[in-house]
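User: Could you take me through this model? I would like to start with the overall picture and then look at some details.

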Amino acid sequence: MFATLLKQLSTLVISLLGLTVLTFILSLQSETPVHQFQSDHVVVQYFEYLQFLLNGDWGTSSIHKRSVLKDFLQHFPATIELIVFAMVLAVTAGLGLGILASTRRGGWLDNTLMTSSLVGYSMPIFWWGMLLVLLFSLTLGWTPVAGRIDFAYDIEPYTRFMLIDTLLHHNQYGFAAFLNALHHLILPAVTLSTIPMAIVARMTRSSLLAVLKSEYIRTARSKGISKQRIIWVHALRNALQPILTIGGVQISIIMSGVIITEYIFAWPGIGKWLLEAVSRRDFATIQGGVLALSIIVIAFNLALDFIGIYLNPRLRRPS
Amino acid sequence: MIKPMVTSQPKPSWVIFSQNKGAMIGLVVLLLILLMALIGPWIAPYDPAHQFNSKVLIPPIWDSAGDFQYFLGTDDLGRDMLSRLLYGARLSLQLTFVVVLIAALVGVMIGAAAAFINPTLRSLLMRIMDLLLSFPSLLLAIAIVAIIGPGLPNAIYAVIIVLIPQFVRITQSSISEELNKDYVMAAKLDGAKRLRLLTHHVWPNIVPALIVQLTFSFSTALLDIAALGFLGLGAQPPMAEWGTMLSESRAFIQFAPWTMTLPGLAIFMTVLSINLVGDGVRDALDPRLNR
Amino acid sequence: MIDKSNENNDLMINRSLNRDTYWPTTLLMSLAALICCSCTSDNSQNKRSQKDLLVYCSEGSPDSFNPQLVTSGTSYDATANIIYNQLVTYKPGTTEIAPSLAESWEISADGLRYTFNLRDDVPFHGSQIFTPSRTLNADDVLFSFNRQRLSDHPYHGISGGRYPYFTAQSMGQLIKDIRKTGEHQVEFVLTRPESPFLSILATPFASILSAEYAKQLNRLRQPEWIDSKPIGTGPFRFERYEPDAYIRYKRFDDYFSENKRVKNLVFAITPDAAMRFARFSAGECDVMSYPLPVHLRVAQKNDLEVVQTPGLNVAYWAFNTEKPPFHDAKVRQALTMAVDREAILQTVYDRQATQATNPIPPSSWAYNNSISKVTYSKRKAMELLKEAGYENGFSIDIWAMPIQRAYNPNARKMAEMIQQDLADINVDARIITYEWGTFLSRLSQGLHHSVLLGWNADNADPNNFFSPLLSCNSAISGNNYAKWCNNQFDELILKGRTSSEQDERKQYYLKAQEIFKREAPWLTIAHANNSVLVQPEVSGMMVSPIGNINFEGVTLEQQSVDSGTQGVTP
């Protein structure tokens, strides 16, 4: 256990060092220096740079002169809200579809579901988003084109999570504002969740099938444990293991996807903020944005590793 | 209960592959697309850059306003969509091919080298590869493009860098695995040289995994190049690159949807067929990888 | 045997599970229900008009809420005519100077002293941290200009200490002194006569901020809030800004003018033009900024309202006269004849522009009507090239600006068309484009052969075209990307700038335009219309020739269910 921890810790340190080297190079591209260094030597400057970061000085945007860290924190909730909602969508729908498919193995439903999951998996997300906008927003008029809420609702950004903020304005608007925010969230979330949903559905199906075939389940069946209990408690718990292990891949897919989704839906989150910075060559922002996003990815992966270790004692031993 | 024993001889890979309906369909579609890309310049009705100034935004022929001279319609500059898509196929596939090839070469070389260097260094190198792997590919590509500037060549470098770690990882782990096997241990004691060991014993055993990775890298590369083009960071107009065409079409999404649906469909079909073939190849070559 | 029992067992499990598929089905159904329950949306347009809320789909985030600190049109739009006022202004929709914070002014005979009499009834906005105790007076004017002018001013170094527009216009050299000559009177003393001075004072950088607010912020030790939590005298007060999402303003009820305004104003920041149009057509915004030409055509076809005015702008193709073969006027003339501008107007502008003959647009009072436009003739172009000794042609670069502007909606497309035209006269052109910042810095270094660019005037004076774009000074450090310096021309525009009589000035400018045409440092391409798209329930929307957006006098009509007719504003 201790050795595993140590290994994780060393991975973390190496990751952070590699990452800060990259963002340090990024920050050096800026025409107006992001940080004022004492030394002329690049290596010393790098350590000064680390010190700045640790002190919370992530630079100031060269365009609009706002603190990068503050800007990041302002844009981040919108992204988190979108990701969490999309993840919930992907996991619930993916699990549901996967279970459905595995119980009808070989049937038309299974075939249809697996074909559409392959289609979903191969979908270029930037095209998919545009198709959804064209169909649901522009042709049918069911969903809004862009934005997080109708401007008729004047929502003070307490937390910057629109769903929470609208609930905090419950006195003023009742649930109308909350539903409106949800309504704005759906199309971007569906766009973003398509690929992960397809992956989860496929993995659920195949691992459920594998588990259901195993002797352990047969034994349980023969002991007379109810079918619902078998699938929900025994089979699914074992099937979740591989799903969890690809969680790291998922977050990387989601992060790439969220950049494109925000671009398509003018969603005021990190992705759009970063792309805008790239097009305006605002290196202070690019540097800070890449750093912050990566730290989140690394932290997420680390957390997943620990959950994996916690859930599966076999993994505690390094392979 | 005892698992049923498989007593028959394993089938040859191509037989397994050819029995996979999805994979065969994918292969046929992929070959068709490849053929289009190859003979595109000869069958394309027009120069993809030529602007028919009076024939702007003509819909494809299945629309009542379509014009038989422009089978798939024209774009906002009066350029023939069919010709642009054909040239786009050529460009996109060429780029993808080059990107994957370079990434595979570099990745395999680093991976092979990593298997033989001192363990501390190797573990450091592999950690870096793990870091790159866990990194969102598009974020990494954007960071790279931000440093070296937008444009097609730079986007290509970025995608290559994004693809390399996969190959390093597979090569290194396969080689390490093989090196730890008894027969290799024995070969080492015999005094066989490392290179010989690599080419004669190890290499044949890692090829299947590499081929599978290669196929899936094709779809990743194609998607990433297109995505960068779409975000304005890759190929620049007037280049007939699918992602760039898609991004140009955004302005006309409501009144000329075909300028958006067609390049998107081209990307989607290509990726889908590559994935189908990839699934088939994986099942056929390495049943262990089948999940 | 074993195999069979296996199969049986499998079948058994499968069969029993089939009955339980209602579980995942329920899960999926509830998910669908969740999605659909939020699908019931009521008409947001109606909801907005009930709240007297106008949504403007704007093209970007402002860089600052103080127009003194920036030069981008987007930042000016969000501030200059919304939060602030200037001493003088333009009559809505025109280029005529009208009183604003100054109700009258006098100009001394030598053109060196401008005395402004301020209104005494102009209140400032209040906010949570500031309650104004007085109305506007001379101190506020002094504060606003001296902050930019004097490097020892306590506020000079706040928020970066750079005042790009003030510096670019060399206002520091022009203004000798600003004096408070009364509680509501200020005097500007100039170092030289400058006839465009009033026009200059109507530009956004000359917005008037509150000196009292600055003092208050000093006490709070937050001086930089003056630029991020703005206080002005304008028709709307700033309420909230969420970067990249929206800006919210509220009507300033004590505004000194009686003009009608909506109660709530929102700038919905939507940088992508396609997305903006999609939002507009879905009814998510009432006014849309910078529509693409194709949007205008679709809008006109569908009877949507397009508010349009000829813009004070020009799109041009500048030849770098320092680089051969463009040092030869004959070559430049030949190339101007070889380009089919009609086709460009059709394809790039979708006819939302007029063909340009002179560097200034026809709406300017200094426009030379007697100059005829260059006729498109490839044969003549070839002849001229032959005379100049280039009958075998040559190769050039065309640099195309990478961004979309009203005056040049698609420079790349334009470059591609010119490229095709040039191929016919044996000129081989290569299109070059960089990211905008790099593009400009390389242009200033003069690395280009020729460039497709444009200019939007900041003020209505013709000098605003000639001096920054074509003078000898601007060839050294400025926007003269033709690097063209003609002494005779330069002398004429200098005289045009310093003499005070408009008729006299006009004579100088007319002559200058003749020289320009003869020397052909540019191919003038088009003067684009400034336009916005407007929903039917909006009334009173006007577009300024200079391009700044203004919501004074804009109202929303209550849409009643029974009457489909659009009433006249009461």
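Analyst: The answers below go from chain A to a helix of chain B, the core and some strands of chain C. This is a predicted model, in which local features need pLDDT of at least 70 and side-chain atom pairs count only at pLDDT 80 or more, while totals for chains, interfaces and linings use all residues. Residues are numbered from 1 along each chain as its sequence is written, with chains lettered from A and ligands numbered from 1 in the order in which they are written.

User: How many helices and strands are there in chain A?

Analyst: Chain A has 13 helices and zero strands. Helices (H or I, at least four residues) and strands (E, at least two) are DSSP runs, numbered from the N terminus.

User: And what does the C-alpha trace of chain A span?

Analyst: The span is about 75 × 55 × 40 Å along the principal axes. Of the 319 residues in chain A, 50% are buried, that is, 20 or more other C-beta atoms, placed from the backbone, lie within 10 Å of their own.

User: Turning to chain B, where does α6(B) bend?

Analyst: Helix α6(B) bends by about 25° at Leu163(B), and Pro165(B) follows within four residues. The bend is the angle between axes fitted to the seven residues ending at a residue and the seven starting there.

User: Which residues touch the most other members of the largest nonpolar core?

Analyst: They are Val159(B) and Leu452(C), in a core of 333 residues. Such a core is a set of buried Ala, Val, Leu, Ile, Met, Phe, Trp, Tyr and Cys residues joined through C-beta atoms within 7 Å. Helix α8 of chain A (residues 176-213) gives the most to this core, with 20 residues.

User: What does Val159(B) touch, leaving aside residues up to four places away in sequence?

Analyst: Val159(B) touches Val99(B), Ala141(B), Ala221(B), Asp224(B) and Ile225(B); contact requires C-beta atoms, placed from the backbone, within 7 Å.

User: Now chain C. Which residues form the covered face of β5(C)?

Analyst: Tyr114(C), Phe116(C) and Leu118(C) form the covered face, and Arg113(C), Thr115(C) and Asn117(C) the uncovered one. In a regular strand the side chains alternate between the two faces of the sheet.

User: In what sense does β5(C) pair with β4(C)?

Analyst: The two pair in the antiparallel sense over five bridges, where pairing needs at least two bridges found by DSSP. Glu106(C) stands opposite Thr115(C). In the hairpin of β4(C) and β5(C), five residues lie between the strands, and Gly111(C) takes a positive phi near 75°.

User: What stands opposite Arg113(C)?

Analyst: Val189(C) in β7(C) stands opposite Arg113(C). Strands β5(C) and β7(C) pair in the antiparallel sense over five bridges.

How values were computed: Buried ≥ 20, exposed ≤ 12 C-beta atoms within 10 Å, placed from the backbone. Contact = placed C-beta atoms within 7 Å.
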